[in-house]
Structure formats: C-alpha cells, structure tokens
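Colleague: I'm still learning to read these models, so could you pick one small part and take me through it closely? Please explain the terms as you go.

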Amino acid sequence: MSIQIKNIRVVDPSNKTDKVGDIFIENGEIVSKLSGTPDKVIDGKNKTAVPGLIDIHSHLREPGQEEKETIATGTRSACKGGITTVFCMPNTKPVTDNAPSVEYILMKSQKEGKVNVFPIGCITKNSQGQELAEIGILKKAGIVAVSDDGVPVSNSQIMRRALEYTKMFSIPVIAHCEDKELSKNGVMNAGKNSMILGLRGIPNQSEDVMVARDIMLAELTSGRLHIAHVSTAGSVELVRQAKKKGLNVTCETCPHYFTLTDDAVKTYDTNYKMNPPLRRQKDVDAVKEGLADGTIDCIATDHAPHTFEDKNKEFDLAPFGIIGFETLLSLVLNELVDKKVLSFQDAIAKMTVNPAKIFSLEKRGSLAVGSIADITIIDTEYSYEYKKENILSKSKNSPFIGRKFKGGAVMTIVGGKIAWSQKDGIIN
Amino acid sequence: MAEKNKKIIADSNKIQLLINKLAKDILEKNIDISEIAVVGIQTRGVYLAKRLLKELLAVKNINMEIPFGILDITLYRDDLGEMGADIPTIKDTNIPFDINAKNIILVDDVLYTGRTIRCALDVLKDYGRPKSIQLAVLIDRGYRELPIQANFTGLSYHTKEQVCVELSEVDGQDVAYICD
Amino acid sequence: MPFNRKDLLGLEDLDKKEIQTIIDSVKPFKSLFTRSIKKAPALIGKTVVNLFYEPSTRTRTSFEIAAKRLSADVVNIATATSSVVKGESLIDTGKTLEAMKADIIIIRHSLAGTPEILAKNLNASIINAGDGFHEHPTQGLLDLYTIYEKKKKIEGLKILLVGDILHSRVAKSNIWALTKMGAKLRVVGPPTLIPKNITDLGVEIFYDLDKAIKGVDVVNILRIQMERQQENLFPSVHEYVELYQVTSERLANAKPDVLIMHPGPMNRGIEISSSVADSPSAVINEQVTNGIAVRMAVLYLLAAARIKQGKKHVNSN
C-alpha cells in the first residue's frame with residue numbers, strides 16, 4: 001500500500017517545517033519517494049498535514065467497564081478526532097498493575113483498535129498507594145509510563161520510591177496531584193460558585209500542595225516526573241520554577257482547563273464535573289500562559305467516558321470526567337490558535353513531538369522520512385457543530401455538545417492506512 | 001375612563017336612587033336591624049356595601065354599629081388560571097364579627113352568571129352558619145349560569161354585553177355603562 | 001401579578017418583584033387561620049407530594065398543613081438517602097410520582113441541586129424544601145415575611161445571621177432574599193464556618209459577636225450541627241457557647257426593638273440561651289405560623305402559574 005498526498009501544507013513541529021509539498025507513504029512509513037506509482041493519491045489542496053496526534057491521557061475503560069467505552073469504540077472516537085495514538089490509564093477493572101492486563105489491552109487493540117494504544121501501568125499495587133507495582137515486569141509487557149491516575153500517591157515515601165525506582169526504565173511517573181484531605185468530599189472548585197451552589201469545594205491548593213511535593217521529590221530523586229492535568233495558576237507557576245531549576249519535570253493540561261471556568265457548573269450539569277475541577281478565569285489565563293511559554297508541554301484529553309445513567313444524577317453522586325477525543329483538536333485550534341495563545345505549529349507540537357519525546361516514542365510525533373506514517377489531515381476552514389448523534393465514543397458525556405467549531409481533522413492515517421475520513425467515516 | 005359615546009345605564013343620580021331603593025327594600029324585609037350584617041364582595045361590592053350601610057342608617061334614621069365585612073372570592077374560584085394573562089391578585093377577606101345568627105346582606109355591583117356569588121356563599125360557609133344570606137346587587141344583567149337570584153335588585157338590565165360600574169371611591173365618578 | 005414560574009428552586013433566581021409578589025400574597029392566606037374553618041378550596045383536586053430524603057418534622061408538617069388548608073391532596077414520602085444511592089434513581093422516583101399525576105412535588109434532600117434535577121426532568125412543579133448547603137427558599141421567604149410583618153419594611157434594616165453560614169441553606173436563602181429587598185446583612189461565626197466569598201453577595205463578615213450585634217434590627221440564629229465539631233470546624237461546644245451563644249447580655253447592644261429569630265429546631269443553651277428564646281423579642285413561633293401562610297402563597301402561585309402555562313400550551317397546539 002502506497003499513498004501520495006499531493007500539494008498539502010505540511011506542518012511538522014519536530015523539524016519546525018511549514019511548507020506546501022507532497023507526502024509519500026509506503027509500507028507504513030513516510031518515505032522520500034515511492035518505489036512505483038502510488039496505490040492512492042490524496043489531493044491535499046487547502047488542507048494541512050501534521051504528525052498524528054498523540055493523546056497521553058485517556059481512559060478506555062476496557063477491561064471491566066465496557067458499558068462506558070471499549071478499546072474498539074474508544075479508538076474509533078480518537079480516530080475521528082485526528083488522534084493516532086492514545087495512552088490509556090490503568091484504572092480499569094481489574095487495574096493494570098500486572099503483565100496479563102497489559103497484554104490483554106495490547107492484544108485487544110491489535111485486534112479491534114483503530115489507533116495505536118499504549119497502556120500506562122500502575123505505580124502501586126491496585127493503585128492503593130501502599131506498595132510499588134511490579135513496574136519492571138509491566139515495562140517488559142509494554143507500558144510507556146506509570147500512574148495511579150484518579151487517585152494520588154498520598155504517601156510521600158512511596159512516591160519518592162516510585163520516582164527512584166522508575167529511573168532504571170526511563171519511563172516517567174505521571175502524577176495525579178491531589179491532597180485528598182484538602183479535597184475531601186469536594187465535587188467542584190472551591191470558591192464563590194461552590195458557596196452559592198452549596199456544593200463542597202476542592203481548593204486549588206489541593207492540587208498545588210501535591211505538585212509542590214512531587215517536584216521536591218523529583219529533585220530529591222532526579223526521577224522523571226510528569227504532572228497530569230494541570231488546572232491551577234499555582235501548579236503552572238510551580239512547574240515553571242521547577243523547569244527553571246533544571247529539574248526533569250514535564251506536565252500536561254486538558255482542553256477544558258483552558259476553555260471553561262467553574263461558572264459553567266451553575267446549573268448542576270454533571271458534564272461539567274471533572275477532577276481536577278474547572279477553576280477560575282485567572283487559572284484559565286495562567287494555563288494559557290503556561291502553554292505559551294512552554295511550561296506546559298502537552299495537551300491531553302483525559303477522555304473519561306461515563307454512561308448517561310452514571311452522569312444523569314445528583315451532582316455529588318455523578319462520577320468525575322468528560323469525554324474529549326473528538327473535541328481535542330478543534331478546541332486547541334479555536335481556543336489557542338485562533339485566540340493567538342499559540343502558533344499553529346506550537347499547538348500541534350504539544351500533541352505530537354512533545355509527548356513523543358517525553359515518553360520516548362520512537363519514530364512517532366514526526367513527519368520526517370523514516371517515521372511511522374501516523375498522519376492527521378486538518379481542514380482549518382471546516383465549520384461544524386459538535387452533535388451528540390455524531391459522537392463515536394460509546395459515552396456522550398461532553399460539555400461541548402452543541403458548540404460550533406471551525407477547523408478539525410478531516411482524515412486520520414494510522415500506520416500508513418487511512419483509518420478515518422470525514423467523507424467515508426471509519427474505514428475498515 | 002368611559003368613552004364619549006358609551007351607552008350609559010345609570011348616571012350618578014340614578015346610582016344614588018338605586019342604592020336608596022335597595023336600602024328601603026332591605027329594611028322592609030328585615031324588621032330587626034340589629035340582626036343585620038353587611039358584607040361586600042371585593043372590589044366594587046365593598047364600596048357599594050359601605051354606601052348601603054350608611055343608607056340603611058339614614059333611611060332608618062338611627063345611629064348604630066352594623067357589623068361590616070369584606071370578602072374576596074379568589075381562593076374559591078373554580079377557574080384558577082383561566083383568567084387571562086395574569087394571576088388575579090388575592091385581596092383581603094376580613095369578616096371581623098361572628099356571622100352565626102346574623103342575617104347577612106351580601107353586596108355586589110353586577111349580578112351575571114352567578115358564579116361569583118356561588119364562591120362568596122362558599123367563603124361565608126367557612127366562617128360559620130348565618131341565619132340567612134340575602135343578596136343585594138346594583139344591577140342584574142341576567143344570563144345566569146347557576147340557580148342564583150338576588151333578593152334585592154337595584155336595576156334589571158338584561159344584556160350579554162359587559163356592564164361596567166364605576167364608583168367615585170375608586171374611579172373618581174359614579175356611572176354604570178356598557179363596556180367592551 | 002409578576003409570578004410565572006414552574007418551580008421554586010431558590011431565591012437566587014427570583015427578582016425583587018417576584019419576591020414582593022409572594023410577600024404581598026401572604027396576608028390573605030394568613031387571615032384564613034383565624035376562622036373556624038381554616039381551609040379554602042383553591043387547590044382542590046391537586047396532588048401535592050412531600051418527597052423528603054432527609055428527616056424533617058417542621059418543614060414537612062408545615063408544607064402538609066399549607067397544602068391541606070388549600071384543599072389539595074397531600075402524600076408524604078420519607079426516604080433515607082442511603083436507599084436512594086442503592087436503589088431507584090431520584091429521577092425515576094420523580095417520574096413515578098408524575099405518572100401518578102402529582103402536580104407539585106416538594107423535595108427535601110441532603111444533596112445540593114436535587115430540586116434542579118427534578119425540575120429539569122419533570123413537568124410537575126418542584127418546590128425546594130431544602131437541598132444540601134444550597135437553599136431553603138420557603139424558609140428565606142418566611143423569615144423575610146416575619147421581619148416585614150413586624151418592621152413594616154426591609155430596606156435599610158441591619159440583620160445579623162449567627163453561626164454556621166458555610167453549611168446553612170437557610171443563611172443562603174436569607175441572604176439572597178434580604179439583600180435583594182435592601183437590607184444590610186451581617187454574618188458572624190468562626191472563620192471556619194464562614195465562606196470568605198460571602199462578601200461577594202454584599203454581606204459583611206464579623207468574627208466577634210459583640211461587635212456584630214451592635215445596633216442590629218434582627219438577629220437570626222442558626223442551628224449549630226454537632227458533627228461540625230468532629231470535622232474540626234470548632235474545637236468544642238463549650239468554646240462555641242462561650243464565643244457565639246446569643247444571650248440577653250449580648251443582646252443589650254442590639255437595637256431595643258430587636259427581633260430574635262431561629263429557623264428551629266433550637267439547641268437551647270448552645271446557640272441561643274433560654275432567656276433569649278423565651279423573651280418578648282423572640283418571634284420564633286410567629287415564624288412557624290407564617291411558614292404555613294408563606295408556603296400556601298407559594299403553592300397557590302405555582303399552581304396558578306401552572307394552569308396558565310398548561311392553557312398556553314393547549315392554545316398553541
């Protein structure tokens with residue numbers, strides 16, 4: 001199978017290129033020229049090709065919660081969002097703290113997945129924060145990082161050991177930063193809105209305190225720390241200072257943290273309930289600033305599917321989380337690029353080359369010759385409304401339903417094969 | 001305010017005469033004035049009742065306290081919500097005397113379907129058991145929808161057109177006319 | 001009258017005119033209480049459900065009496081929140097009641113926002129009878145009415161709320177209603193029980209009761225929940241009494257004609273001394289009486305708006 005994409009604007013942050021030209025794909029790789037005539041020619045006029053997007057934070061729910069999402073549905077959803085690689089968090093049922101679980105996910109995604117799936121293993125057994133998981137064995141089985149995402153590693157000594165121990169595998173420890181005592185029973189950001197709504201609040205400091213602790217532990221251990229879903233001005237500043245000091249610390253944020261504030265919770269709509277919670281405008285501004293000055297390395301979705309029944313509940317009882325695969329790119333384009341927070345190239349970098357580097361993904365996150373042909377084709381002029389009935393994820397828990405976007409993926413190529421196109425949908 | 005070419009049923013002189021007639025008729029039927037109590041139906045029935053009260057004393061040429069009450073039927077209506085754009089304002093009901101063993105003179109301006117009076121009777125029933133209830137109206141415009149009759153009528157003027165009564169206490173003048 | 005709502009979820013949503021409308025409607029209902037038959041047929045044939053997920057005697061009884069005095073049929077359902085978590089969802093319970101043709105559902109729940117969920121999912125009118133730490137609108141209205149009845153005005157009055165503001169839906173509804181009507185509100189309590197953002201609602205924060213009480217027209221004393229001590233929000237009941245019990249001595253600094261209010265049930269000897277609770281300044285029992293009249297007015301206004309809405313709907317088809 002060979003493909004020629006003709007006359008397309010090629011934006012590749014890995015080598016800082018932005019030019020119109022052709023892309024050649026053969027045997028799943030990007031090549032400088034084809035050995036024969038192409039099997040397929042794609043007209044790239046007025047379109048933009050970027051390296052396939054890498055989403056380093058998602059919950060595919062399989063095994064154990066297939067009513068919310070499966071690897072099959074989750075990867076289809078990702079594909080439609082222009083994402084070619086997803087990392088899946090280990091809080092499945094059972095949790096991914098053992099090799100067979102990792103192998104199961106990899107086997108399932110080989111069979112049913114539409115995009116590359118890289119599992120993340122647990123930091124601690126059963127994510128209980130008590131004893132380290134068998135990280136070496138997990139690494140052998142194929143994990144790209146460890147995390148107890150959903151819950152923090154509250155015990156500082158264990159977090160210290162995790163950062164020390166993982167050094168020999170060169171994989172980052174992804175930290176869910178939350179002081180559980182400060183956030184106890186909290187369901188939304190602590191502040192004026194939580195007071196008015198009568199909901200228990202989660203203060204910024206619940207995140208900040210743990211970010212500060214983990215940075216200190218990274219300093220102590222020289223371990224690889226990656227901070228998940230940064231949502232507060234305080235966290236951004238802490239990471240900024242850590243980077244200035246030269247510590248090996250990276251972080252990510254999610255589209256909702258640069259798009260929405262806790263004003264959105266006003267109607268008790270549980271599609272605005274996530275952890276960390278939506279914060280204030282000053283935090284949104286700080287997150288944008290962190291993205292702009294490079295403090296925040298990556299943009300990830302924290303795609304967290306929940307069924308209608310799970311979410312259509314009392315605010316306190318509904319689970320945290322929203323889906324995000326199919327809105328990632330459009331939100332980045334509309335909220336960051338169009339609003340001049342980031343250049344197009346820098347925005348794409350945070351979903352391609354940066355995660356590829358942080359997680360040592362070889363031959364991904366780049367359109368250089370020799371790279372795996374994971375390519376996202378974007379139409380920056382494509383206007384559409386994000387509608388519930390068009391969502392490919394099994395769950396529809398998005399606060400962005402009904403939002404109008406300009407710009408999004410129109411084709412997703414995974415491993416040299418067209419996996420989805422706006423015209424034909426998912427291609428089997 | 002009424003239009004220039006409105007059709008007048010009774011002017012202010014006529015209204016005064018009608019009240020006087022009502023007072024005389026009432027006294028003719030109620031020999032013992034000490035058993036009488038007067039209750040006006042909100043809004044214009046209240047003002048009319050007040051005038052009638054004075055007239056009763058004037059005709060009888062005595063000075064005494066006749067028990068007086070006001071009554072609002074809103075909470076007793078069976079057409080809650082069918083009253084156009086706005087929910088009707090609930091006005092005061094104040095019957096500051098024991099209605100048992102009294103002959104109640106119930107007063108309203110216009111008698112038409114009888115539904116208001118039906119409500120008023122229900123209100124009074126919840127205050128006790130009067131000796132009798134007698135209905136006095138300024139104008140009876142006919143077309144009843146319930147088997148209700150006035151004991152004392154100022155003027156019979158049967159019409160399907162709406163009859164408006166204006167009283168100087170609220171409207172600045174006394175007049176009854178056909179209104180749209 | 002400017003009242004055209006399907007539900008009463010909170011006083012934050014109501015504007016000054018709407019609040020005034022409710023207050024203006026209360027008196028005729030209250031006047032029914034002096035008759036031998038305290039009942040009017042306004043809501044005859046209507047079904048009112050008291051759906052209580054939290055134990056409550058006063059509020060439930062008050063709503064029940066209010067609905068019955070308007071001749072509605074009243075059903076009481078008391079469910080423990082725990083069984084809801086395990087069993088039928090709130091929305092399903094609501095839908096079941098609606099299928100039984102409930103016209104008005106009065107809900108009390110330990111979780112904030114539950115009345116909104118019902119309101120969004122049901123056609124029945126929903127009245128919030130207290131949801132978590134959010135609002136208790138009828139309590140706010142009855143407190144407002146009681147003050148209005150005694151003081152003949154709200155504008156410019158200095159009103160002090162004492163105690164656990166953080167966890168108090170009563171405080172929240174009071175603040176919304178009273179500030180909208182032009183009162184000057186103060187709150188006093190330990191900083192752990194007063195959200196600092198409360199100043200955004202135009203409320204002045206005090207930590208010292210003796211300073212806070214100076215020159216106020218009304219003192220509304222909130223019930224202190226003993227479990228707050230276990231959450232380390234104050235060190236001991238003993239210390240709370242020492243710092244925040246409203247006593248006759250402390251009241252000497254208030255206006256001479258100060259009103260003492262308490263939403264009940266009272267912890268005598270804790271947040272309020274018995275001498276204050278039983279003093280002539282206390283209008284705690286009037287609050288209870290007015291509660292029924294206010295709830296009648298709310299039931300009536302919602303029922304009337306409801307029929308009107310229904311008619312509009314029919315006409316448009």
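Modeller: Let's start with chain C as a whole: for its 317 residues, a compact globule would have a radius of gyration near 20 Å, and chain C has 20 Å, so the two agree. That radius is taken over C-alpha atoms, and the globule rule behind the expected value is 2.2 Å times the number of residues to the power 0.38. Keep in mind that this is a predicted model, where local features need pLDDT of at least 70 and side-chain atom pairs count only at pLDDT 80 or more, while totals for chains, interfaces and linings use all residues. As for the labels, residues are numbered from 1 along each chain as its sequence is written, while chains are lettered from A and ligands numbered from 1 in the order in which they are written.

Along the principal axes, the C-alpha atoms of chain C fill a box of roughly 60 × 45 × 40 Å. Chain C holds 13 helices and 9 strands (DSSP runs numbered from the N terminus: H or I for helices, at least four residues; E for strands, at least two). Of its 317 residues, 50% are buried, meaning that 20 or more other C-beta atoms lie within 10 Å of the residue's own; 12 or fewer makes it exposed, anything in between partly exposed, and the C-beta atoms are placed from the backbone. Take the contacts in chain C between residues at least 6 apart in sequence: 75% of them join residues at least 24 apart. Here a contact means two C-beta atoms, placed from the backbone, within 7 Å.

Now for the close look, at helix α2 of chain C, which covers residues 58-69. How far apart should its ends be? With 12 residues at 1.5 Å each, α2(C) should span 16 Å, and its end C-alpha atoms are indeed 16 Å apart. The sum behind that is 1.5 Å times one less than the number of residues.

Which residues of α2(C) are buried? They are Thr59(C), Arg60(C), Ser62(C), Phe63(C), Ala66(C), Ala67(C) and Arg69(C). While you look at that list, here's a handy rule: an α-helix has 3.6 residues a turn, so residues three or four places apart point the same way.

Finally, follow the backbone out of the helix: just after α2(C) comes Ser71(C), with a positive phi of about 70°.
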